[in-house]
Amino acid sequence: MTARRRHIAHLHLHASLSGEQYADIVELMGGVTPHVQEMPPDAVQLDLTSALRYFDLSAYDAVQLVKMRLKALYGIDSSAGLAGNRMLAAMAADASAPGDTTCVPTGRAAEWLHPRPVAALPGIGRATAEKLGRYGLHTVGQIAELPAATLQRLLGVSQARLLGDRARGYDPRPVTPAEPAASLSAELVLDADCLDPVRHHRAVLGLADRIGQRLRGEGQVAGRLTLVVRYADRSSTTRTRAVAEPTDHSPVLAATALGLLTALGLQRARVRAYVLRADHLLPAAGAYRQLSLDPGDARARRAEAAADRARRRFGPGAVRPATLAITEPPAPGWEGVSPPGRA
């Protein structure tokens with residue numbers, strides 16, 4: 001019995017998406033195939049193998065169906081790669097101009113892959129590519145034809161085996177649907193670049209406050225925070241830090257988040273978006289908390305609980321930290337703070 005040929009699509013989404021918008025797109029993809037792997041912030045992979053018979057379409061036509069739905073429902077342009085495994089599909093998508101679809105037929109994978117530069121292989125960094133280049137190895141085909149023992153002497157056993165498999169177009173990884181969410185995130189996308197350190201501070205503080213509200217509302221505590229700052233040139237920087245103990249207390253979350261912001265050392269960075277993610281989530285009822293002899297801590301938590309009750313009754317803007325009180329015209333995009341959503 002022969003194995004069924006796989007049809008994997010990799011889509012690049014040419015849009016700046018919030019976490020909530022990205023989740024909606026993943027849900028849309030689920031209407032085509034249940035085998036959807038998230039690759040945030042702007043890509044997704046689909047295993048179309050089982051969907052082709054249902055829709056009675058070719059693999060190429062199924063990809064066009066997905067792209068048309070993205071354009072019709074969200075106004076998003078996309079480029080795509082279609083191949084027999086995840087690696088080739090991703091490389092084909094990278095080689096596609098916006099709006100195009102590049103197909104790599106299974107029988108011609110080596111012909112398509114071998115002329116490409118070594119650095120085009122996923123996971124091959126600049127240092128590895130430069131090292132191979134010093135030995136005259138510049139293309140994927142040269143790596144594929146190299147004896148395994150020679151490659152091992154250059155790179156070591158494990159890296160040589162992985163690189164050799166990739167150079168031959170071998171990638172057995174399945175497309176894995178997302179597991180149940182294990183994180184919460186909040187995002188602020190600006191309409192214009194922001195260089196003001198004070199507004200950086202306020203943006204991160206506001207996101208930490210919203211994460212705290214969501215954690216308490218869902219009866220969870222977080223053990224780690226991650227801050228992602230995206231810049232005007234579409235690059236980003238990420239910093240992660242564990243909290244001293246799992247918590248849902250907004251002041252602790254804010255102090256940790258601001259510590260991450262300080263660690264980035266932003267000076268004249270042109271910031272376009274901030275994302276704060278809380279993970280290592282646990283049920284609040286089963287989490288430990290160090291007892292404090294400071295009466296101020298207990299008062300702060302009682303005030304926080306009262307503020308949460310007020311927000312539930314009168315809306316999320318009913319109570320906010322004094323630091324976030326607007327005393328000047330807001331920065332462009334401030335009104336666009338997205339509610340924390342599942343990452």
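In the hairpin formed by strand 7 and strand 8, four residues lie between the strands, and arginine 234 takes a positive phi near 75°. Keep in mind as you look around that this is a predicted model. From that hairpin, the tour below moves on to a five-stranded sheet, the helices that pack on the sheet, and a crossing of helix 6 with helix 8.

**The hairpin**
- Strand 7 covers residues 220-231 and strand 8 covers residues 236-247; eight bridges pair the two in the antiparallel sense.
- To find one of the pairings on screen, start at alanine 222, whose bridge partner in strand 8 is threonine 247.

**The five-stranded sheet**
- Here five strands form an open sheet with mixed pairing, in the order 2-3-1-4-5.
- Strand 2 (36-39) and strand 5 (101-103) are at the edges, and each has a single partner strand, so one side of each has no neighbour in the sheet.
- On average, neighbouring strands of this sheet are turned by 15° against each other, with direction ignored.
- Strand 4 (residues 77-83) and strand 5 run parallel and are joined by three bridges.
- A handy place to look is alanine 80, which has threonine 101 in strand 5 as its bridge partner.

**Helices on the sheet**
- Helix 3 (residues 59-74) packs on the sheet, where it touches strand 1 (8-14), strand 3 (43-47), strand 4 and strand 5, and its direction makes about 160° with that of strand 4.
- Helix 4 (residues 86-94) lies across strand 1, strand 2, strand 3, strand 4 and strand 5, and runs at about 140° to strand 4.

**A closer look at helix 3**
- With 16 residues at 1.5 Å a residue, helix 3 should span 22 Å, and this agrees with its end C-alpha atoms, which are 22 Å apart.
- The buried residues of helix 3 are Ala59, Ala62, Val63, Gln64, Leu65, Val66, Lys67 and Leu70.
- Those buried residues pack against strand 1, strand 3, strand 4 and strand 5, and also against helix 1 (19-29) and helix 2 (51-55).
- After helix 3 comes glycine 75, with a positive phi near 70°.

**Helix 6 and helix 8**
- Helix 6 (residues 126-134) and helix 8 (residues 148-155) have axes that come within 11 Å and cross at roughly 120°.
- Helix 6 is therefore oblique to helix 8.
- The crossing in which helix 6 passes helix 8 is right-handed.
- At this contact, Thr128, Lys131 and Leu132 of helix 6 meet Leu151, Leu154 and Leu155 of helix 8.

Conventions. Residues numbered from 1 in each chain as written. Predicted model: local features only at pLDDT ≥ 70, side-chain atom pairs only at ≥ 80, totals over all residues. Heavy atoms only, no water. Pairing = 2+ DSSP bridges. Axes fitted to C-alpha atoms, helices over the stretch in contact; angles between N-to-C directions. Contact = heavy atoms within 4.5 Å. Expected span 1.5 Å × (residues − 1). Buried < 20%, exposed > 50% of the residue type's maximum accessible area, 1.4 Å probe, protein only. Parallel < 35°, antiparallel > 145°, perpendicular 65-115°, else oblique. Left-handed = near helix turned anticlockwise from the far one by under 90°.
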